[in-house]
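Me: I would like a close look at a single part of this model, followed by one connected account that sets that part in its surroundings.

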Amino acid sequence: MSVDFKSSQTKENLMRAFAGESQARNRYVFAASQAKAEHLHVVEAVFTFTAEQEKEHAEVYYNLLKEVAGENIEVDGKYPVDIHNSVIQLLRSAQHNEYQEYDHDYASFGDIAEKEGFARIAGVFRMIAAIEKTHGDRFGQLADLMEQNKLFVADIETEWMCLNCGYIYKGTKAPSKCPVCDHDQGFFIRLELAPFQK
């Protein structure tokens, strides 16, 4: 079934997705500030890294609305208020929200776009949904490590990277200070979790 874009549910879903991604970006920027205040710079970096990807998703969705440029699109939506004093809870909330986009929102939006005859848009919703799952997995892994008091400690010898200077240390615990740049332990990440490995 082919539907005119201007009267489609897909048009509204793109605006919902744009709004959701824009809000997620801001929530992650706020969460990054809290992680920084607690000297959890590696968690700050993950929130900031993910916020930038959410901005890109918002831009993709926004650009798909070019056909209705100059119009106002009214949509209803529910968006989370993730204000927590706990970095672990911020990570868990982010994990939940990313899985919501992956499992429910974008899967549904993709199906609707396909039924309305917008195959490219359906594909975009599905590809971004897969990225959101990756985000949720990453937030969950960090929350797990924090809950187990293993963000900077490992059961076996592990390689740790300083996110400030790139120094790589091998041991069961990240150094309390980087021997190269003197930044604190909060800048160290397990090498396998680093955005750019060796």
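How many nonpolar, polar and charged residues does the lining of the largest pocket have?

Reply: The lining of the largest pocket has 5 nonpolar, 4 polar and 5 charged residues. This count belongs to a predicted model, and the values that follow are all computed from that model.

The largest pocket has a volume of about 360 Å³. Its lining is made up of 14 residues, and those closest to the centre are Lys 78, Tyr 79, Pro 80, Gln 100 and Asp 105. H1 and H3 are the elements that give two or more residues to this lining, with H3 contributing the largest share, 6 residues.

The second largest pocket can be described in the same terms. About 210 Å³ of space lies in this second largest pocket, and among the 14 residues that line it, Arg 27, Phe 30, Asp 82, Ile 83 and Leu 90 are the closest to its centre. Here, too, H1 and H3 each supply at least two residues of the lining, but for the second largest pocket the largest share, 5 residues, comes from H1. The class division of the second lining is 9 nonpolar, 3 polar and 2 charged residues, to be set beside the 5 nonpolar, 4 polar and 5 charged residues that line the largest pocket.

Arg 27, one of the residues closest to the centre of the second largest pocket, also matters for the description of Glu 101, a residue of helix H3. Glu 101 is buried and yet has no salt bridge, the nearest side chain of opposite charge being that of Arg 27, 5.7 Å away. Because a salt bridge requires a side-chain nitrogen of Lys or Arg within 4 Å of a carboxyl oxygen of Asp or Glu, the distance of 5.7 Å between Glu 101 and Arg 27 does not qualify. Leaving aside residues up to four places away in sequence, Glu 101 touches Glu 21, Tyr 106, Ala 107 and Glu 132.

Elsewhere in the model the same rule is met, and the count comes to 10 salt bridges. One of them joins the side chains of Arg 92 and Glu 147, with a distance of 2.7 Å from N to O. That pair links distant parts of the chain, since Arg 92 lies in helix H3 (residues 87-115) and Glu 147 in helix H4 (residues 119-147), 55 residues apart. Glu 147 is partly exposed, with a relative accessible area of 44%, and a network of salt bridges links Arg 92, Asp 144 and Glu 147.

In helix H1 (residues 9-37), Arg 16 and Glu 12 are 4 residues apart, about one turn of the helix, and their side chains meet in a salt bridge at 3.9 Å, N to O. Glu 12 has a relative accessible area of 25% and is therefore partly exposed, the class that runs between the 20% and 50% limits. A further salt bridge is formed by Glu 56 and Lys 55, whose closest N and O atoms are 2.8 Å apart. Both partners count as partly exposed, Glu 56 at 38% relative accessibility and Lys 55 at 27%.

The loop between helix H2 (41-63) and H3 holds Leu 65, which counts as buried because its relative accessibility is 6%. Not counting residues up to four places away in sequence, Leu 65 touches Phe 5, Lys 11, Leu 14, Met 15 and Ile 73. Leu 65 and Ile 128 are 63 residues apart in sequence, and their C-alpha atoms are 16 Å apart in space.

For the chain as a whole, the secondary structure comes to 4 helices and 3 strands, which follow the pattern α-α-α-α-β-β-β when read along the sequence. The C-alpha trace spans about 60 × 30 × 25 Å along its principal axes, and of the 198 residues, 42% count as buried. Among contacts between residues at least 6 apart in sequence, 67% join residues at least 24 apart.

Methods: Residues numbered from 1 in each chain as written. Predicted model: local features only at pLDDT ≥ 70, side-chain atom pairs only at ≥ 80, totals over all residues. Heavy atoms only, no water. Buried < 20%, exposed > 50% of the residue type's maximum accessible area, 1.4 Å probe, protein only. 1 Å grid on protein atoms, 1.4 Å probe; cavity = no way out; pocket = protein on both sides within 12 Å on 5 of 7 lines; lining within 4 Å. Points joined across faces, edges and corners; volume = space filled by probe spheres on them. Nonpolar A, V, L, I, M, F, W, Y, C, P; charged D, E, K, R; others polar. Lys, Arg positive; Asp, Glu negative; His and termini not counted. Contact = heavy atoms within 4.5 Å.
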